[in-house]
Structure formats: structure tokens, C-alpha cells
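Student: I have a structure to go through before setting up some calculations. Could we look at it together?
Tutor: Certainly; let us begin by displaying it.

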Amino acid sequence: MNQPNVLTQKGSLPEFQPSEIRNKFLERYKTEPLLVRSPGRINFIGEHTDYNEGFVMPAAIDRDILVAIGASADSRSTLYSVKHDETLEFDVQHPEKVTFPAWANYLLGVVRQFVDKGYDVKPIHAIIDGNVPTGAGLSSSAALECGFAFALDHLHGFGIPKLDLIHIAQWSEHNYVGVKCGIMDQFSSMMGAAGKAFVLDCRSLTYEYFPLNLKDYAIVLCDTMVKHSLANSAYNTRRAECEKGVSILKAHYPTIQSLRDVTLEMIEAHREEFSPKEYDRCTYVVAENQRVLLAADDLAKGNLASFGQRMYETHDGLSRLYEVSCLELDFLVDEAKKFGGVIGARMMGGGFGGCTINLVQKSRVNEFIETLSSAYRKNIHRDMHAYVVALKDGTSVIPAIAKPSLL
Ligand code: GAF
């Protein structure tokens with residue numbers, strides 16, 4: 001049997017090396033960069049609720065996007081991606097969207113927001129790298145936007161509050177990338193806290209951290225290694241279906257602003273006005289909001305079994321009602337359910353590929369990964385990757401080498 005691809009086992013994941021990106025920057029631009037890290041995120045429960053002004057329970061993880069940034073000595077600005085080995089030269093005052101390279105749009109949208117908000121952005125050089133798997137539903141794109149927004153702000157000394165940077169990052173995703181995402185990913189990358197998860201109210205943006213005590217359980221992400229191409233368009237369609245549901249109910253309950261204000265009874269009372277799909281989407285979201293609050297209560301009481309059960313329920317709703325799962329994700333959740341040492345599993349993030357999140361008995365993590373990897377290979381004919389993750393702080397400057405500023 002092949003060895004499972006356990007990227008977190010000691011020695012098999014390239015160590016996090018800020019010095020590498022720093023050296024690259026020094027080599028290219030002959031000046032010391034400011035270094036910023038911004039993490040990927042997981043989400044325990046509360047999926048597709050954020051753009052419905054509902055609740056989510058995310059956390060930042062120990063996988064980072066790194067940004068090395070410094071002032072340009074002339075009027076030229078450049079962005080360089082280590083992963084793609086591609087450079088884009090651009091004008092900081094006119095950061096237009098590009099057709100190639102696609103990764104640059106995440107950053108150009110951020111610059112556009114700074115300029116439009118009246119910040120005097122100077123020419124810069126930036127290098128990006130990191131170890132957040134892309135296309136895995138771990139928000140590498142939000143981490144990139146947040147890391148770059150934070151770095152740009154820090155370098156210029158603008159002092160923009162983190163919450164504003166979160167909105168700038170989200171704007172970039174909406175307008176330069178084209179995904180009408182909610183706020184969860186950018187918020188989590190920017191605001192995460194080591195060892196803690198948090199419940200975020202996506203309407204008021206109030207949030208509460210809590211130390212995550214999973215007792216004998218580890219967080220294991222199983223990466224399907226697929227991202228089906230309809231992911232972005234289907235995401236925007238789901239959002240529109242939810243808005244349609246709100247507009248139907250608003251005619252009867254004028255105070256309703258979003259599905260956050262809706263109850264299952266309201267939907268039932270007007271069921272005939274909903275198309276079957278709209279009905280399924282809206283009932284899922286309303287139930288999921290409720291589940292996040294109940295899940296938070298489970299954790300407060302230390303009732304992990306009930307918490308895990310709710311994760312399974314979420315998966316079921318995402319798969320059957322919201323229809324954002326896929327064969328590969330469903331397969332991995334089913335296999336996790338069959339495996340004795342798992343208390344909860346579900347697909348995570350936008351869907352149509354990416355990872356499942358699993359709470360696995362610590363002593364059985366390797367066995368779990370081996371079992372699922374081999375079943376995946378046998379049935380889906382692909383390699384599954386697995387990441388055992390820990391909860392880390394949100395976006396920050398890497399202190400040891402954090403010097404330069406434009407001031
Ligand atoms: C993606 C989006 F970017 C988030 O805003 C959120 O809606 C998530 O899908 C689903 O919960 O990650």
C-alpha cells in the first residue's frame with residue numbers, strides 16, 4: 001500500500017521559513033522587506049450563513065500566506081508570486097484588473113481600494129509565498145488579500161483598523177476576483193487567535209473568542225484534491241437564491257432584512273411561493289444558523305458528542321438541500337462516519353471540492369488518514385491529502401525581521 005499523504009507529519013511539510021522569502025526579496029530588490037503572515041482558516045460550523053447575516057464558528061490555522069513588501073526605488077511597482085514564478089509590473093495609482101496572471105487580481109483589488117479611499121500609495125515591490133493549500137477551501141485567497149492589505153497599510157503607516165482592512169480584502173474578492181463572498185474568510189484570517197475559535201455574528205460583526213477544548217480529539221482536514229469548475233458561479237447562484245427567499249418573505253414580513261430574521265415557520269407558511277430549490281436553500285440556512293448557536297452551547301458544556309453530531313447534520317444539509325457538496329466530499333464524510341474514532345465530519349467552505357473537517361481521536365489520527373486515503377484511492381482513484389491543524393493568531397507582522405517603513 002502507498003503511504004498516505006500526511007503533510008503535517010514531522011518532516012514531510014516544508015517548514016515555515018520566513019527567511020526564504022526575505023532572502024528572495026533581498027536578492028531581487030537589495031533592500032530589507034517588511035514581512036507579514038496571514039493564516040488560512042477552518043470553520044467548525046456555520047456554512048453559507050455569512051452572506052445571510054448569520055453566525056459562523058471559524059478559526060485561523062497554522063498555515064500562512066507570506067508577504068514580503070518594500071518601497072520601490074523608482075516609479076515601478078511589481079508583484080511576484082514564488083509559487084507561480086511570475087512577476088507583474090503595475091502602476092499603483094491605476095491598479096487595473098488583469099487577465100493574466102490571475103493571482104495578481106487579489107492584490108490589485110486591494111491597491112484599488114486604498115487608492116479609491118484616498119490613501120497616498122507609493123510604488124512598492126511585493127513577493128508572495130506561503131503554505132496554505134490553494135483550492136482546498138482553506139481561504140488561501142482571503143489570506144492573500146488580508147496579508148497584502150495589512151502589509152501595504154503597515155509599510156505606509158496609514159494605521160487603518162483591521163476591520164476596514166477586512167472590508168478592503170472582501171471588496172477585492174467581490175470586484176477583482178468575482179466571487180460575492182461573505183465576510184467569514186477575511187475576518188478569520190485577520191482576527192484569528194491562537195488556541196481559540198470564535199463565534200462571529202456576520203450582521204453586527206461582533207464576535208466572541210473561546211478556548212477550543214477538543215479533549216482527546218484532533219482536527220484533521222481531508223483534502224479531496226478536487227475543485228469543480230462550477231464552484232464560483234454556483235456560489236453566486238446560491239447567494240441569489242437566498243436573496244430571492246428574502247424578497248418573497250419581505251412581502252409578508254416587512255421587517256425582514258435577511259435569512260437571519262427568518263424562521264422555519266415563516267417559510268412553511270409561504271411555502272407555495274418558493275420554488276423547490278429556493279425552499280431547500282432557505283430552510284438549510286435558517287436551520288444552520290440555529291445549529292451554530294446550539295453548537296456553541298455544546299462546546300460551552302463540553303458536550304463534544306453533540307457538537308460532532310451537528311457537524312454531520314450540517315454536512316447533510318449542505319449536500320441534500322444546499323447542494324454544494326460533491327461525490328468526493330460525500331465519500332470522505334461517509335468514510336469518516338464509518339471509522340470508529342471520529343465524532344464529527346463535514347465538508348467545509350464554499351463546497352464543490354476542497355476539504356472535509358474531521359474531529360478524530362488523537363491516538364487514531366494516523367490510522368484514520370491511512371484508512372481514508374486508501375479508500376479514496378480505491379474508489380475515487382485519486383490521492384487524498386491530510387492536514388492536522390492547530391489554531392493560530394490572525395494576520396501579523398513577523399517581528400524578528402519587521403523593520404522598514406516608508407515614513
Ligand atoms: C467561501 C466564502 F468565501 C465565505 O464567505 C463563506 O460563504 C463560505 O464559502 C461558505 O460558508 O469560503
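**Annotation, ligand site and backbone**

Tutor: An unreviewed UniProt entry places the feature "domain: GHMP kinase N-terminal" at residues 105-192. Please keep in mind that this is a predicted model.

Student: What is the helix and strand content of residues 105-192?
Tutor: That span is 60% helix and 8% strand, and its end C-alpha atoms lie 24 Å apart.

Student: On to the ligand. Which residues are around the ligand?
Tutor: The shell consists of Arg 41, Glu 47, His 48, Asp 50, Tyr 51, Cys 181, Gly 182, Met 184, Asp 185, Tyr 235, Gly 349 and Gly 350. By class, four are nonpolar, four polar and four charged.

Student: Where does the ligand lie with respect to the domains?
Tutor: The ligand lies between domain 1 (10-211 + 392-397) and domain 2 (217-389), because both give residues to the shell around it.

Student: What are the distances from ligand oxygen atoms to Arg 41, His 48 and Tyr 235?
Tutor: For Arg 41, a side-chain N or O atom is 3.2 Å from an oxygen atom of the ligand. His 48 places a backbone N or O atom 2.7 Å from a ligand oxygen. With Tyr 235, a side-chain N or O atom is 2.5 Å from an oxygen atom of the ligand.

Student: And how much of the ligand does the protein bury?
Tutor: The protein buries 91% of the 300 Å² that the ligand exposes when taken alone.

Student: Changing topic: strand 10. Is Thr 224 buried or exposed?
Tutor: Thr 224, which lies in strand 10 (residues 217-227), counts as buried because its relative accessibility is 0%, under the 20% cut-off. Its side chain reaches the backbone oxygen of Gly 354 at 2.7 Å.

Student: What about Met 225, in strand 10?
Tutor: Met 225 has a positive phi, near 65°, and is not a glycine. It is partly exposed, with a relative accessible area of 38%.

Student: Why would one remark on a positive phi?
Tutor: Because most residues other than glycine have a negative phi. Lys 215 also has a positive phi, of about 50°. Lys 215 sits in the loop between strand 9 (207-211) and strand 10, and it is partly exposed at 43% relative accessible area.

Student: Where is the cis peptide bond?
Tutor: It joins Phe 100 and Pro 101, with omega about -5°. Pro 101 belongs to the loop between strand 6 (86-90) and helix 2 (104-116). As a general rule, most peptide bonds are trans.

Notes. Residues numbered from 1 in each chain as written. Predicted model: local features only at pLDDT ≥ 70, side-chain atom pairs only at ≥ 80, totals over all residues. Heavy atoms only, no water. Near = heavy atom within 4 Å. Polar contact = N/O pair within 3.5 Å; in protein donor to acceptor, adjacent residues only side chain to side chain. Areas by Shrake-Rupley, 256 points an atom, 1.4 Å probe, with all protein chains shown as cover. Nonpolar A, V, L, I, M, F, W, Y, C, P; charged D, E, K, R; others polar. Domains from an automatic or database assignment. UniProt positions renumbered as here; feature names shortened; annotations may be inferred. Helix = DSSP H or I, 4+ residues; strand = E, 2+ residues; numbered from the N terminus. Buried < 20%, exposed > 50% of the residue type's maximum accessible area, 1.4 Å probe, protein only.
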